[in-house]
Amino acid sequence: MKNNLLRVQPIRNGTVIDHIKADRGKKILDILDLSRIGTTISLLINVQSKIQIRKDIIKIEDRELNEVEIEKLALLSPDVIVNIIRNYAVSEKKKIEIPSLITGLVQCPNENCICNNEKYVDSKFKLLNKETLQIQCTYCKRKIEEEDITFIY
Amino acid sequence: MKHIVSIEDLNKKSIMDILKRANELLPVAKGNKKSKALDGKILATCFFEPSTRTKLSFESAMQRLGGSCIGFADPSATSHLKGETLTDAIRMVAGYSDAVILRHPREGAAKLASEVSEVPIINGGDGAGQHPTQTLLDLFTINNEIGKIEGLKVGMLGDLRYGRTVHSLSQALDRFNTKFFFISPKSLAMPEHVTDELDNPWSIHENLNEVLSDLDVLYVTRIQKERFPDLEDYKIVAGNYKIDLGVLKNAKPKMRILHPLPRVGEISTDVDNTKHAAYFRQAFNGIPVRMALLEKLIGGK
């Protein structure tokens, strides 16, 4: 763990997203639109982790992830750990749990679903399977698989 | 139980309770006995798309129980609601009534309405989604025609791809150890999202003759012209799946044919006078079943 953190210069303040499913880091960068933040970001791909499983790591300088971003993270790669770094030290370590009800985050793929056609209504998805990340629209009951998830912002 | 949004909201016991109560209400539904069970209560029928049959049957059911109805049926009558959100409209109507029947072109509308309504919402059909009272009356019909629902061999024929009635009915029948036979042209086959969920055995057929002699119930649905880009293809398919006396030669004497109606030629009129034809009784059954439901939701029974 220590070596991994050192592979890229330690950051003073910001966020380290650890234990990302291997090869998922790039997608997280894209979907959270992190490059837009304007600070330095490092992406480590296929890092050897302690338990011999490859993982990705993202380090974001001078920016702490907000709640909405963290919820999205959970759907992109369950079991990630978000470390908030302040003055070179881990000040908070958050293990991300996927909420059983995902509100206002995912676009329902059914164009005729009421949540895509009614003002002021947030999409709402029920988590059906924590492992496969299959979710279901609580309104039209459409089920979607992890690879088909589209985020609203 | 507060709202009826989806047939999934009802477990086997609540389904059987409703069917039992519907049976008791048959004399009232036929007008042979009077009821004041819902005297002074008001049912709002909000039809954001037209469905004469559903609307009339709910109004009849409510009035047979001594209650009265308000509402709108014509989509143009809702033009004054333009710009108003569905949730605002429902909050308003809920203030005027003791229960709301909602028919809406979008999937999930009834679920959304149930989240904001103070009074029970009954889904009268939401887009390609659910129509739970249709499913209940289908189950009631099977129960009364065959004498039981448990362990039957049920064929479904016609447009199984887009027909929401057959999707919900399969879902509901799956709790009753049903053996399913899905009969349709390939292009209109039962979708995987329905068959994937079934715990009981099912099979897919293109030809009714293969399975007809096995069936206890044959549920026929309309094959819509609009599903076929080529009119000639439609005519061939419609011809192949037409039920007439000749087709029924091999059917069990007690086999019953159901159809949600209206039909456009799927069942020849010469079948109407046979003992197989249950579809007109099925249409009537909408009344006692909806009465049982209204009594339960509004009367607190």
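In chain A, S6(A) and strand S7 (residues 124-129) pair in the antiparallel sense over three bridges. Strands (E, at least two residues) and helices (H or I, at least four) are DSSP runs numbered from the N terminus, and two strands pair if DSSP finds at least two bridges between them. Within this pairing, Ile102(A) has Phe125(A) of S7(A) as its bridge partner. Both strands belong to an open sheet of four strands in the order S6-S7-S8-S9 (chain A), with antiparallel pairing. Its edge strands, each pairing on one side only, are S6 (101-103) and S9 (143-144) of chain A.

The model is a predicted one, in which local features need pLDDT of at least 70 and side-chain atom pairs count only at pLDDT 80 or more, while totals for chains, interfaces and linings use all residues. Residues are numbered from 1 along each chain as its sequence is written, and chains are lettered from A and ligands numbered from 1 in the order in which they are written.

Chain A is divided into domain 1 (2-95) and domain 2 (101-148), with bounds that come from an automatic or database domain assignment. The centres of the two domains, taken over C-alpha atoms, are 26 Å apart. Four residues of domain 1 of chain A are in contact with four residues of domain 2 of chain A, contact meaning that C-beta atoms, placed from the backbone, lie within 7 Å.

Turning to the partner chain, chain B holds ten helices and nine strands. Its radius of gyration (taken over C-alpha atoms) is 19 Å, close to the 19 Å that the globule rule (2.2 Å times the number of residues to the power 0.38) gives for 301 residues, so chain B is as compact as a globular protein of that length. Buried residues (20 or more other C-beta atoms within 10 Å of their own, with C-beta atoms placed from the backbone) make up 47% of the 301 residues in chain B.

The largest nonpolar core, a set of buried Ala, Val, Leu, Ile, Met, Phe, Trp, Tyr and Cys residues joined through C-beta atoms within 7 Å, has 116 residues. Helix H10 (residues 279-298) of chain B gives the most to this core, with nine residues. Tyr219(B) is among the residues with the most contacts inside the core; not counting residues up to four places away in sequence, Tyr219(B) touches residues including Val154(B), Met156(B) and Leu258(B).

Where the chains meet, the contact takes 13 residues from chain A and ten residues from chain B. Helix H5 (residues 109-116) gives the most to chain B's side, with three residues.

Key: Two residues are in contact if their C-beta atoms, placed from the backbone, lie within 7 Å. A residue is buried if 20 or more other C-beta atoms lie within 10 Å of its own, exposed if 12 or fewer, and partly exposed in between; C-beta atoms are placed from the backbone.
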